[in-house]
Every structure is written in C-alpha cells, then in structure tokens.
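Open the model in your viewer and keep the selection box handy. We will go from stop to stop, picking a few residues each time.

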Amino acid sequence: MTGAGLASEDLVSVMASHGVRLAGAGDELKCLCPFHEDSMPSLSVNREKGVYHCFGCGAKGNARTFAARMAGRSGGFGGRPRRDAPRR
C-alpha cells in the first residue's frame with residue numbers, strides 16, 4: 001500500500017493492519033490514539049475523506065502518513081516524530 005494510489009477507504013485497512021481497533025458506525029469512527037498514552041478514544045477517523053485527527057496529541061493525516069508514522073518515520077508533526085509515540 002505504498003505510492004500515490006492509496007484510496008481513502010484504505011485508511012481503515014492500514015489502521016487495522018497495525019492493530020488499531022476502530023469503533024463507530026458509518027463514516028465517522030473513533031479509537032484510542034496509538035501515538036500517545038490514551039485512556040479514552042481521542043483519534044477520529046473520517047472513512048469517506050480518508051483522514052484521521054487526534055484531539056489529544058494533534059496527530060493527523062491519511063493512510064500514507066499513518067503508515068509512515070507507525071513505521072517510525074515523520075508524519076503529522078511538521079516532519080518530527082513525537083518522542084512520546086510508542087513504537088509498535
């Protein structure tokens with residue numbers, strides 16, 4: 001799933017492949033943010049638009065930025081990986 005051809009619906013698949021459990025119905029989903037300590041779901045996913053945003057730490061992006069961030073590369077924070085982001 002690399003390259004410019006990542007479709008918006010691939011975000012949910014990419015997140016699931018990294019063990020993220022999304023809850024909700026329709027196009028709006030929520031989950032615990034994998035990029036910081038989270039006790040309540042703060043990461044919102046819009047399936048139709050193919051984007052995510054965390055209201056706790058500010059992480060945001062699409063399937064490509066999510067996969068890059070989970071792989072330990074930059075994404076969502078001005079090109080700097082967060083130091084408190086867990087490595088999975």
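A residue is called buried when its relative accessible area is under 20%, exposed when that area is over 50%, and partly exposed in between, using a 1.4 Å probe and protein chains only. Before we start, please note that this is a predicted model, in which local features need pLDDT of at least 70 and side-chain atom pairs count only at pLDDT 80 or more, while totals for chains, interfaces and linings use all residues. Residues are numbered from 1 along each chain as its sequence is written, and side-chain values use heavy atoms, with hydrogens and water left out.

**Stop 1: the whole chain**

Show the cartoon. Helices (H or I, at least four residues) and strands (E, at least two) are DSSP runs, numbered from the N terminus. There are 2 helices and 5 strands, and along the sequence they follow the pattern α-β-β-β-β-β-α. Colour by accessibility next: 35% of the 88 residues in the chain are buried. For a contact map, count heavy atoms within 4.5 Å as a contact. Of the contacts with a separation of 6 or more, 32% are between residues 24 or more positions apart.

**Stop 2: the sheet**

Select the strands. Two of them pair if DSSP finds at least two bridges between them. The result is an open sheet of 5 strands in the order 1-2-3-4-5, with antiparallel pairing. Its edges are strand 1 (23-25) and strand 5, each of which pairs on one side only. Helix 1 packs on this sheet and touches strand 2, strand 3 and strand 4; the direction of helix 1 makes about 140° with that of strand 3. For that angle, axes are lines fitted to C-alpha atoms, for helices over the stretch in contact, and angles run from 0 to 180 degrees between N-to-C directions.

**Stop 3: strand 4 and its two hairpins**

Zoom in on strand 4. Which of its residues are on the covered face, and which on the uncovered one? Y52 and C54 are on the covered face, V51 and H53 on the uncovered one. On one side, strand 4 runs antiparallel to strand 3, joined by 4 bridges; N46 has V51 as its bridge partner. The hairpin of these two strands has 4 residues between them, and there G50 takes a positive phi near 75°. Strand 4 is also joined to strand 5 (residues 60-61) by 2 bridges, again antiparallel, with Y52 opposite G61. This second hairpin has 5 residues between its strands, and G58 in the turn has a positive phi of about 90°.

**Stop 4: C31**

Now pick C31, which sits in strand 2. Buried or exposed? C31 has a relative accessible area of 2%, so it is buried. Beyond four places in sequence, C31 touches M15, V20, R21, L22, D38, P41, S42 and L43. Add a distance label from C31 to V45: 14 residues apart in sequence, they are 8.2 Å apart in space, C-alpha to C-alpha.

**Stop 5: the core**

Here a nonpolar core is a set of buried Ala, Val, Leu, Ile, Met, Phe, Trp, Tyr and Cys residues joined through side-chain atoms within 4.5 Å. The largest one has 18 residues, of which L11, M15, F35, L43, V45, Y52 and F66 touch the most other members. Two or more residues each come from helix 1 (10-17), strand 2 (28-31), strand 3 (43-46), strand 4 (51-54) and helix 2 (63-70). Helix 1 gives the most, with 4 residues.

**Stop 6: the rings**

Rings of Phe, Tyr and Trp (its six-membered ring) pair if their centres lie within 6.5 Å; planes under 30 degrees apart count as stacked, over 60 as edge-to-face and the rest as tilted. The count by this rule is 3 aromatic pairs. Select F35 and Y52: their ring centres are 6.4 Å apart and their planes at 40°, so this pair is tilted. F35 lies in the loop between strand 2 and strand 3, and Y52 in strand 4, so the pair ties together parts 17 residues apart in sequence. F35 is buried at 1% relative accessibility, and Y52 is buried at 2%. Add F66, and you have a cluster linked by ring pairs.

**Stop 7: helix 2**

Finish at helix 2, whose buried residues are A63, F66, A68, R69 and M70. Their cover includes helix 1 and strand 4. Just after the helix, G72 takes a positive phi of about 95°.
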